[in-house]
Amino acid sequence: MAVSRQLRRGPRVRPASDRITHKGIKRLREQVRSLFAERYGRAAGDPGATTAPVPPLPNLASLPIFQTLLTHRSVRRFAARQLPSGTLEWLVAAAQSASTSSNLQTWSIVAISDPARKDAISRLCADQAFIREAPLFLIFCADLARLSAISAQEGQPGEGLGYLEMFLMAALDATLAAQNAVIAAEGLGLGTCYVGAARNKPRELAAELGCPERVVAVFGLAIGVPLPGQRTAIKPRLPQPVVLHREQWRPEDRTAELAGYDRIMRVFYDAQGMKPDGTWTQQSARRIATVASLRGRHALREALQSRGLLSAEPRAGTA
Ligand SMILES: Cc1cc2nc3c(=O)[nH]c(=O)nc-3n(C[C@H](O)[C@H](O)[C@H](O)COP(=O)(O)O)c2cc1C
């Protein structure tokens with residue numbers, strides 16, 4: 001009885017490191033407020049930046065969550081250090097805690113730490129060096145093989161398989177899971193970088209990973225201890241009015257905001273010592289300019305069909 005009361009109340013005296021002081025909360029609140037501003041590049045001091053005020057914070061308990069979320073930046077340089085044991089399992093638990101459509105859990109992770117395999121995979125993913133450097137590379141797969149096997153086991157026709165909806169569901173679930181893993185990793189002080197280039201050569205990557213039919217990589221995720229002294233800045237995002245429509249989508253002219261964002265990104269790149277080829281809008285337009293700019297991913301539909309995730313023939317509705 002005494003023990004359960006103690007558990008409910010918690011220890012009588014908190015260790016000093018656990019004590020939350022008014023000063024600590026105030027500091028954290030100021031930090032989170034300035035992270036909000038930084039996310040939109042206001043810290044860069046750009047005169048063209050929108051200077052909408054930082055909104056009031058929802059509540060104090062959420063401060064550490066917002067601190068982790070708003071501090072995000074991709075990390076592409078890693079220290080030559082292995083991750084503490086248990087890290088992978090905690091990250092997977094975080095990933096599996098994400099919502100999942102109809103609780104179907106139509107995704108899988110292939111975790112790679114073997115240097116030779118990372119090297120081979122890096123070659124299939126646009127030869128990005130940080131994949132080799134990261135001690136852990138996770139490949140998130142849309143996985144309809146498990147559901148297909150369950151369907152057969154239950155003696156069901158599985159007619160729903162092969163529709164775009166099912167692939168989209170699996171890819172969305174994998175994405176939500178991955179982002180949970182990213183937040184968990186960042187909460188542990190680790191750095192991460194997604195790798196969409198895992199879709200550049202889907203058949204070759206599936207063969208390298210030993211994926212069966214109905215399993216395809218949707219992206220990779222490099223995870224490791226950030227290389228000391230290589231901390232990148234927070235990359236500003238588009239101003240909120242550009243992405244946030246209230247009640248209905250409004251076709252407003254956003255040319256001025258986009259030009260402002262181009263200036264903010266220029267300040268960001270200058271501060272990082274980077275020399276981008278053109279403005280953000282120019283780069284974005286180039287990213288979709290030609291079929292070649294999709295870097296092999298224009299053939300994704302065919303790859304999904306050959307991997308059994310999408311039917312080759314358009315299907316008539318049955319209802
Ligand atoms: C699905 C996805 C795929 C990505 N693929 C790559 C990639 O192949 N290589 C890379 O260097 N960064 C990749 N990124 C990272 C983005 O470039 C990065 O998130 C974006 O520039 C914003 O920067 P930040 O994450 O530092 O805020 C990817 C991000 C996402 C969400």
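A residue counts as near the ligand here if its C-beta atom, placed from the backbone, lies within 6 Å of that molecule. In this predicted model, the residues around the ligand are H72, R73, S74, R76, Q128, C193, Y194, V195, G196, A197, F219 and K235. Sorted by class, this shell holds five nonpolar, four polar and three charged residues. Strand β3, residues 191-195, supplies the largest share of the shell, with three residues.

**The sheet**

Strands of a sheet pair through backbone hydrogen bonds, in either a parallel or an antiparallel sense. In this model, four strands make up an open sheet, in the order β1-β2-β4-β3, and their pairing is antiparallel. Strands β1 (107-112) and β3 lie at the edges, each pairing on one side only. From one strand to the next, the twist averages 25°.

The pairing of β1 with strand β2 (residues 136-143) is antiparallel and runs over six bridges. Within β2, I139 stands opposite V110. Helix α9, residues 202-209, lies across β1, β2 and β4 (215-224), and runs at about 70° to β4.

**Helix packing**

Two packed helices are described by the angle between their axes and by the distance between the axes. The table gives these values for two pairs.

| Helix pair | Angle between axes | Distance between axes |
|---|---|---|
| α4 (residues 87-96) and α8 (residues 164-187) | about 135° | 7 Å |
| α5 (residues 115-124) and α9 | roughly 170° | within 10 Å |

How are α4 and α8 oriented to each other? Angles over 145 degrees count as roughly antiparallel and 65 to 115 as roughly perpendicular, while the remaining angles from 35 degrees up count as oblique. With an angle of about 135°, α4 and α8 are therefore oblique to each other. Their crossing is right-handed. On the α4 side the contact is made by W90, L91, A94, A95 and Q96, and on the α8 side by A177, A178, N180, A181, A184 and A185. The residues of this contact divide into nine nonpolar, two polar and no charged.

The axes of α5 and α9 cross at roughly 170°, which makes α5 roughly antiparallel to α9. In this contact, A120, I121 and L124 of α5 meet E204, L205 and E208 of α9. By class, the contact of α5 with α9 has four nonpolar, no polar and two charged residues. Helix α9 thus appears in two settings: it lies across strands of the sheet, and it has residues that meet α5.

Conventions: Residues are numbered from 1 along each chain as its sequence is written. This is a predicted model: local features need pLDDT of at least 70, side-chain atom pairs count only at pLDDT 80 or more; totals for chains, interfaces and linings use all residues. Ala, Val, Leu, Ile, Met, Phe, Trp, Tyr, Cys and Pro count as nonpolar, Asp, Glu, Lys and Arg as charged, and the others, Gly among them, as polar. Two strands pair if DSSP finds at least two bridges between them. Axes are lines fitted to C-alpha atoms, for helices over the stretch in contact, and angles run from 0 to 180 degrees between N-to-C directions. Two residues are in contact if their C-beta atoms, placed from the backbone, lie within 7 Å. A crossing is left-handed if the near helix is turned anticlockwise from the far one by less than a right angle, and right-handed if clockwise.
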